[in-house]
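This briefing presents a structural summary for use at the bench. Please read the points below alongside the sequence and the coordinates.

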Amino acid sequence: MKELNNRYNSLRVHFVFSVAFSFLFSLSIFAQDGDINNGKKLFNTNCAACHKLEQRLIGPPLKGVAAKRNQEWLNKWIRNSAELIASGDADAKAIFEEYSNIPMTPFPNLSDQDIADIMAYTDADPALFQKKKAEVVVVEVKPIQTYYTEVIIAVIIIVLLLTMVLFKLKSTLNNLNREEQKGYFDELKAYLAYLVKDNAILITFVLVISLGGLYAFWEWGVGVGVDKGYQPIQPIAFSHKVHAGDQEIDCEYCHSSARTSKTSGIPSANVCMNCHKLIQEGETTGKKEIAKIYDAIGFDPATSTYKKDYVQKPIKWVRVHNLPDFVYYNHSQHVTVGQQECQTCHGPVEEMEELYQYSPLTMEWCVDCHRTEEVKMAGNDYYKEIHEQLSKKYGTEKLTVAMMGGLECGKCHY
Amino acid sequence: MTPSMFSPSTSEVIAKFVEKYPTAKQVSYDAVSSAGALDAFEALYGNRALPLYNFAEARTIVSIGADFIGDWLGGGYEKGYALGRNPKQDQMSRHIQIETNLSLAGANADDRYAVKPSEQTSALIALYSIITGDSQIFKPTSIDPQLKAIAKELKKAGNKGLVITGSNDKNMHILAMKINLALQSKAMCVGKPVYVKEGNDKAVQQLIQDMNSGKVGALVTYNVNPVYSLANSAEFVKGLKKVSTTVALSQFTDETAKVMTYNLPSQHSLENWGDAMAVEGEYSLMQPTIRPLYDTRQFQDDLLKWMGSDQDFYSFMRENWDNNILSAKAGATWNQALHDGVLKLSLDPVMPTLNEVDMIGVAKSASKVFKASKGLELELYMKAGMGNGEMANNPWLQELPDPITRTAWDNYLTMSAKQAKELGITNWNVSNGALNGDKVELKSDGVTIILPVFIQPGQTYGTLGLALGYGRSEGVKDAMMTGVNAYPLYKGFNKYVSNVTIAKVEGEHEFACVQLHHTMMDRDVVQETTFDIFKNKDKEDWNPMVALATHDGVKPVSKIDIWEAHDSSVGPHFNLSIDLNACTGCAACVVACHAENNVPVVGKEEVRKSRDMHWLRIDRYYSSDMNKEKAKEEGLSGVTGSIDMYHQMEVASANPEVVFQPVMCQHCNHAPCETVCPVAATSHGSQGQNQMAYNRCVGTRYCANNCPYKVRRFNWFQYNGNEEFDYHMNDEVGRMVLNPDVTIRDRGVMEKCSMCIQITQAGILSAKKDGRKLEDMDIQTACSSACPSDAMVFGNINDESSAIQTPLHDDRKYYLLESVGTKPNVMYQTKIRNKNS
């Protein structure tokens, strides 16, 4: 069984207990000679591609099939259905025709006991195996609160209070010394006048303010158009963590054009359907999110068929990584020729529940890599001569993109 | 009613349609007709086609009014022509043009004779009489002695001689073909007929008659616009009223669609399936490159539907190919043909039998068609950009300066300087340099048009020229409704109009002319020499090395460096060579560059302010009667003398020699623009490209001021999505043609030719991906791949096998303004004229 992720650890414990508990019952209730656990394993490896328990897929639903057919017939059918049909068995023929003449894959390797185990599993109460519906934990995302204003106000108040206290203290001391008394604000004014009179202090003050202002402006300026951390809400709660992380699906399985073209490409819904024709229910969001693919492409999960004349709808994915128009970037250059991992720029996507922009995608960031990254020239005939010439020119075997002219403006800006 | 389609499967559909509805008839209509040539071939060989002309085989080409570099008989002859004009071979073809307007072909000719249209007929009959020995009567011409010499030359050339005519008269074409047959010319092949033209003038006129007499029940027009382009369009419209069902299949609600009952939007050819057979036994296939943008259906599908067929045109075409075309070649399959795009059956030319023709009658009727008259004679022509006006909605073509007049956004009456002087008509430049001109009222046979006059060197005295294809009023954007419609003058599909009178009228016209100076003022901006000198003299005599005096003595410019030279030894280093002998000035490269690089269209007003954005222009220079040598002879010296000399140098000859020189960024290795940019927005690349980082440019325009070639363009406005510039960048469909690999430049930045860096980089990437060396095929720039005559060669000079090596080491090589010391990466090849020696 697939490991559940940490978020549902507690659920998992419940689940394991309940399954184990139900097994005890099921074993005692259905006194069949099949091993349900083994049956489930066999079912998942051999049958699940075409059969479901309750629903028609490519083949018929298998729930309670043992009650409909006798063991001997089932053994024959499963090991070689074609033979059974050829022998003229009426039932076999009827099923074959009902399911659009698609022959069932023969399983001559399954022993009688194996088949009995599978039957035991198909007969077992499905409730025992159904996970408790995972409650979707809605995490309220609060905006990160900044308390700058409050802090500043508090500091000012404290400073004011302190000066007042000090003033009070001073006046008390003055009183003790019987000196002439001045009001608090008069004192403050006098002090400010003193400050302004002293050029050194004034200049320092102005310098600090203006340099500070410039720095703040610079910081703001260089951040314009830098969307690091951008994480838009997508139309389908697609989890890269589940697909790329847990299931270890290769990035380029879905983003195949990254190898060959400028863009990595957003997979079309039919790529989703390669798997989701069969996987109709997920572990985190159940059927809800997958149903959105079906809605877009026009697929009926109940019958596992595509709807005829369905007006397909686009899935309006929100683009996360977007370079400005004046820069040219090509995925295949980096993925195929440069042999870079996707993660180099996109970060730990396999850990991202929801995708966000990991890198700043600034020119500085590009150039840093072009300055340091060694070009993988070995085995590529294009570089054969160039490598030789450049090695001689720079006196090193380790050649960077920059050494090949990769820092010229026109290499990316045209 | 269809245009020329030369599509075997479409013909098949129409044949099936006629089978189903036996009273249906197809009428082929070409707005600008080539029916004379078709009729002539039919008269001689019984097949309505054209002979296959191969100009590469010809050593002496005599063209009588045929602009074969323009769109004579469908065009496509420049490649062969340029091949024959390669002076590397022992012999270079000699091209003699006898014509009225200065055409593209005339501009390329070695000898050009300016004659009136009425003289063209006599000239052809004279050549026929001398060469075949079958003397026919003709009126004397102004070039009789020259004609004798030309005939002699043709006879000497024998089967390497070629005579063609630009007339749309059947008899003229018979005469020309008969001359070629007498010469046994290898350049004219009748055994491989060409089918690119189908238009039948008689059938069109018959249709109009039938419509008016109520014999036509339904008319379906497809991709033709007779209401706009027929001289007797009023008759056509009158006849339409008697036709109960009228259906227009058109992409636009054009003039014709407006008056038809039903408009069925047809598709763009990029949305269509299609096939073609231009030459006997040579097929090509077209597949859609985009799904239909709108709810439309292609013409052939309409016909199939109306026949009650369930088949779509794609499957119909496949069936037709399987049954009739693929079966003719062993091993040919549909998939292979579709992959290749072409299928050539290796057919041997089949010599058709020659029919007897009464040549006396032919010569007589040829002379009759066009009689000399007291008034002026007018030749209607098509501009290289606009053609017959079908594509008037294309802003690229509107903005394309005509190769000869260098004027865009207009048509105008071309007139010789002598004539203009007599009539008191002038052209002048206003304070910002823009050209203005007088207007005249033109009258001919009941047609009156008010037109501007453009004074054109090379225009025959006593004649006028006027371009068709302008003056569209429906189905095009307002900005594209330019010029005047000249089709009312195109009576009987005859481009020569006699007895034209003109009178100057009030008002002045504003031209959009991009060139202010028309002669080279005796400087060698363009290097040229004659074939005789090229063959017999040392390179230093006709293409001397450019040298300058330095403190070290006189040194060739190539050896002088003020700055440290760029290292271009590692990786590719690109060079472009332009052979001025092969360049015909056709301007295909200008449009290709426009399309590839998202160059904005700026409109007439901005062009007048010299703010046109073309990254690549083709400079056209005329020869002048005055030069420094002549001035010396005439004793023009001193201050007044030399001022007089320079004034005269500015005036082009009455019948000038013409040179075309495409100029784009020269990608100097010592670029003057790079050193003056205050923000380093323009910099030098290791591949030889002068790069322009638009997002860095702050628009000081120092670079443009410092560029000796004047190739930098400044974005005075934001040209995309701007209502003031309502061209292709202002609507969603127009923007679909933009190249996604090239930035759209914003207001306030400089731009210029990038040597198609997006293509070189993509080519390098594909070589890297395949793990192989870079090849020429990977990196062809827009201009070099569009060049129909292979005048532009682009390649990597660090690659010994690159095609650029030949021009790089050619004696004809020169650099533009080499003495400036910019060391360009663009080179030119000296133009050679094959003058009679």
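Which residues of H12(B) are buried? In this predicted model, they are Phe299(B), Gln300(B), Asp301(B), Asp302(B), Leu303(B) and Leu304(B). The topics that follow begin with this helix and then turn to strands, cores, chain contacts and confidence.

**Helix H12 of chain B**

- Helix H12 of chain B covers residues 299–306, and six of its eight residues are buried, so the helix is largely enclosed by the rest of the structure.
- The buried residues of H12(B) pack against two helices of chain B, H1 (8–20) and H13 (313–325), and against strands E7 (218–222), E8 (245–250) and E9 (262–265) of that chain.
- Gly308(B), just after H12(B), has a positive phi of about 80°.

**The loop after helix H1 of chain B**

- Ala24(B) is found in the loop that lies between H1 and helix H2 (35–45) of chain B.
- With 15 other C-beta atoms within 10 Å, Ala24(B) is partly exposed; a residue would need 20 or more to be buried.
- Neighbours within four places in sequence aside, Ala24(B) contacts Phe17(B) and Val18(B).
- Between Ala24(B) and Arg772(B) there are 58 Å in space, C-alpha to C-alpha, and the two are 748 residues apart in sequence.

**Strand E2 of chain B and its partners**

- Strand E2 of chain B (residues 60–64) has five of its five residues buried, so the strand is largely enclosed by the rest of the structure.
- Side chains of Thr60(B), Val62(B) and Ile64(B) point one way from E2(B), those of Ile61(B) and Ser63(B) point the other way, and all are buried.
- E2(B) runs parallel to strand E3 of chain B (residues 94–99), to which five bridges join it; Ile61(B) has His95(B) as its bridge partner there.
- E2(B) also pairs in the parallel sense with strand E5 of chain B (residues 161–165), again over five bridges, and here Ile61(B) stands opposite Leu162(B).

**Strands E10, E11 and E12 of chain B**

- In strand E11 of chain B (residues 282–286), Tyr283(B) and Leu285(B) point to one face and are buried, whereas Glu282(B), Ser284(B) and Met286(B) point to the other face and are not.
- In a regular strand, side chains alternate between the two faces of the sheet.
- Five bridges pair E11(B) with strand E10 of chain B (residues 274–279) in the antiparallel sense, and Gly274(B) is bridged to Met286(B).
- The hairpin of E10(B) and E11(B) has two residues between the strands, and Gly281(B) takes a positive phi near 80° in it.
- Strand E12 of chain B (residues 342–344) is antiparallel to E11(B), with three bridges; Leu343(B) is the bridge partner of Tyr283(B).

**A four-stranded sheet in chain B**

- Four strands of chain B form an open sheet with mixed pairing, in the order E32-E25-E34-E33.
- Strands E32 (792–796) and E33 (813–814) of chain B stand at the edges with a single partner strand each, so one side of each has no neighbour in the sheet.
- E33(B) runs antiparallel to strand E34 of chain B (residues 826–829), with two bridges joining them, and Lys813(B) has Gln829(B) as its bridge partner.

**Nonpolar cores**

- The largest nonpolar core contains 230 residues, and those with the most contacts inside it are Leu127(B), Leu175(B), Leu413(B), Val453(B) and Cys589(B).
- Apart from that core lies another of 17 residues, including Ile36(A), Ala66(A), Ala116(A) and Ile118(A).
- Beyond residues up to four places away in sequence, Leu175(B) touches Leu124(B), Ile125(B), Tyr128(B), Val362(B), Ala363(B) and Ala366(B).

**Chain A and its contacts with chain B**

- Chain A has 20 helices and two strands, and 14% of its 414 residues count as buried.
- In total, 22 residues of chain A contact 27 residues of chain B.
- On the side of chain A that touches chain B, helices H16 (331–337), H19 (384–394) and H20 (409–412) of chain A each supply at least two residues.
- The residues on that side of chain A comprise nine nonpolar, nine polar and four charged.

**Domains and confidence**

- Chain B is divided into four assigned parts: domain 1 (8–30 + 199–279 + 281–344), domain 2 (36–194), domain 3 (373–513) and domain 4 (528–833).
- The C-alpha centres of domain 1 and domain 4 of chain B are 43 Å apart.
- The average pLDDT of chain B is 93, and 100% of the residues score at least 70.
- The scores of the model are ipTM 0.85 and pTM 0.83.

Methods
Residues numbered from 1 in each chain as written. Chains lettered and ligands numbered in written order. Core = buried A, V, L, I, M, F, W, Y, C linked by C-beta atoms within 7 Å. Buried ≥ 20, exposed ≤ 12 C-beta atoms within 10 Å, placed from the backbone. Contact = placed C-beta atoms within 7 Å. Pairing = 2+ DSSP bridges. Nonpolar A, V, L, I, M, F, W, Y, C, P; charged D, E, K, R; others polar. pLDDT = per-residue confidence, 0-100. Domains from an automatic or database assignment.
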